[in-house]
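Please open the model in your viewer and keep the selection panel at hand. The tour below proceeds stop by stop, stating what to select and what is found there.

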Amino acid sequence: MIKFLDLQSQYASLRGEMDPAIAGILRDATFIGGAPVQAFEREFAAYQQAKHCIGVANATDGLEIALEALDLPKGSEVIVPANSFIASSEAVTTAGYRVVFADADPVTYGLDPRDVERRITPRTSAIILVHLYGQPADLGAFLEIAKRHKLRLIEDAAQAHGAEWEGRRVGAIGDIGVFSFYPGKNLGAYGDAGAIVTNDDALAQRSRMIANHGRLDKYNHRFEGRNSRLDTLQAAVLSVKLRHLDAWIDQRNAIARVYLNELAGLDWLTLPGSRAAVRHAYHLFVVRTSERDRLQAHLASHEIQTGVHYPISLPKLQAYDYLGQGSEPMHANRLDVQLLSLPIGEHLTEADARVVTEAVRAFRA
Ligand SMILES: *Cc1c(COP(=O)(O)O)cnc(C)c1O
């Protein structure tokens, strides 16, 4: 069986470091805040080359807190990708702003800067870009658009820990960025967890206060915030895993290279496009074919697990019927039935990847 995700084997490989780290938290009985949270925030800020890191309960909260911290004008429109997970757009609504979907680039499936620019109105205040599948978005174009139209830039880096754009780690290149440590992400906790990163001191302080009841010290609440903190246990887990992340990303790239080499030239299968001058984190390896469902069933019959990201474009979800963007002729509204995520991760060997490529090739041999 070639698994899509294998957290059991990951834990088995980490046990010697993980068990004492968790036991230490239980022994100290510090479950909220404390040195392990501060240590992880410091380590992750350094890893992402950001001045500040604020641990939060999950990335969905993180996006909402980032939007609140930016304090956009009431009624603002925020442009988000049509091809993403719902958290990217959900946060806009829960923070009190209006969602405007922009299309996916047909080669990388990430947010298309040209379509973003077409959708800017006098009410637009921010763009949430997603470093989709672990590949840095076209940050050069987005930074330029944000500057020219005076928009704030939020990086949804939930899939892109360690990814680099022109030699810089993503997350704090725009105004503020958000990471998810959902267990299945490239850096995953043992439950929900997330982080906000930024180089802006004021945004960092506001985000930290919003996430902790509007306070900096124990009972001095400057405003009403919420409770969205990174658990101490999760921080300890993440500190252990962070030491392995670069090796895991390298292994993901090795698997991707096998896929790109061995699947090149098939006229019925489109491989993912990659941008120059980036370090791709390869959270997902997404291929495209008009026979997606049949290919997925074929691979399942060869005991190869695959995934679909995402089966319904965001504008076509019932939750967004009110926007009427589901019937727009966007790439994103057509790609959702063609994309298939092949298994990728540090649990796989290059030999496993060749088993996958042989099965894919056999589908139309
Ligand atoms: C996973 C994910 C999120 C949400 O992360 P949570 O920590 O589960 O809230 C947001 N955006 C993207 C692009 C994601 O993949």
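In what order do the seven strands of the open sheet run, and is the pairing mixed? The order is 1-9-8-5-4-2-3, and the pairing is indeed mixed. Before selecting anything, please note that this is a predicted model, in which local features need pLDDT of at least 70 and side-chain atom pairs count only at pLDDT 80 or more, while totals for chains, interfaces and linings use all residues. Residues are numbered from 1 along each chain as its sequence is written, and side-chain values use heavy atoms, with hydrogens and water left out.

**The seven-stranded sheet**

Select strand 1 (52-56) and strand 3 (98-102). These are the edge strands, each pairing on one side only. Strands and helices here are DSSP runs numbered from the N terminus (strands E, at least two residues; helices H or I, at least four), and two strands pair if DSSP finds at least two bridges between them. On average, neighbouring strands of this sheet are turned by 25° against each other, direction ignored.

Next, select strand 2 (77-81) together with strand 3. The two pair in the parallel sense over five bridges, and Glu77 has Arg98 in strand 3 as its bridge partner.

**Helices across the sheet**

Add helix 2 (residues 35-47), which lies across strand 1, strand 8 (176-180) and strand 9 (194-198) and runs at about 130° to strand 1. Then add helix 7 (residues 201-211), which lies across strand 1, strand 5, strand 8 and strand 9, at about 15° to strand 1. Such angles run from 0 to 180 degrees between N-to-C directions, the axes being lines fitted to C-alpha atoms, for helices over the stretch in contact.

Now select helix 4 (residues 87-94). Its buried residues (under 20% relative accessible area; exposed is over 50%, partly exposed in between, with a 1.4 Å probe and protein chains only) are Ala87, Ser88, Ser89, Ala91 and Val92. Their cover includes helix 3 (59-70), strand 4 (124-130) and strand 5 (152-156). Just after helix 4, Gly96 takes a positive phi of about 95°.

**Helix 1 against helix 8**

Select helix 1 (residues 7-28) and helix 8 (residues 232-262), which pack at an angle of about 145° with their axes 9 Å apart. Among the residues of helix 1 that meet helix 8 are Leu14, Met18 and Ile25, and those met in helix 8 include Leu233, Val237 and Trp248. By class, this contact has ten nonpolar, three polar and three charged residues.

Centre the view on Ala21 in helix 1. Leaving aside neighbours within four places in sequence, Ala21 is in contact (heavy atoms within 4.5 Å) with Ala236 and Val240. Ala21 and Ala236 are 215 residues apart in sequence, yet 6.2 Å apart in space, C-alpha to C-alpha. Ala21 counts as partly exposed because its relative accessibility is 22%.

**The smaller selection: three strands and a loop**Select strand 6 (residues 164-165) and strand 10 (278-279). They pair in the antiparallel sense over two bridges, and Trp165 stands opposite Val278 in strand 10. An open sheet of three strands has the order 7-6-10.

Finally, select His283, in the loop between strand 10 and strand 11 (285-288). Is His283 buried or exposed? His283 is buried, because its relative accessible area is 11%. Its side chain makes a polar contact with the side chain of Asn186 at 2.8 Å; a polar contact is a pair of N or O atoms within 3.5 Å, where within protein one must be able to donate a hydrogen and the other to accept it, and residues adjacent in sequence count only if both atoms are side-chain atoms. Not counting residues up to four places away in sequence, His283 also touches residues including Tyr133, Arg252 and Ile344.

Definitions and conventions
Ala, Val, Leu, Ile, Met, Phe, Trp, Tyr, Cys and Pro count as nonpolar, Asp, Glu, Lys and Arg as charged, and the others, Gly among them, as polar.
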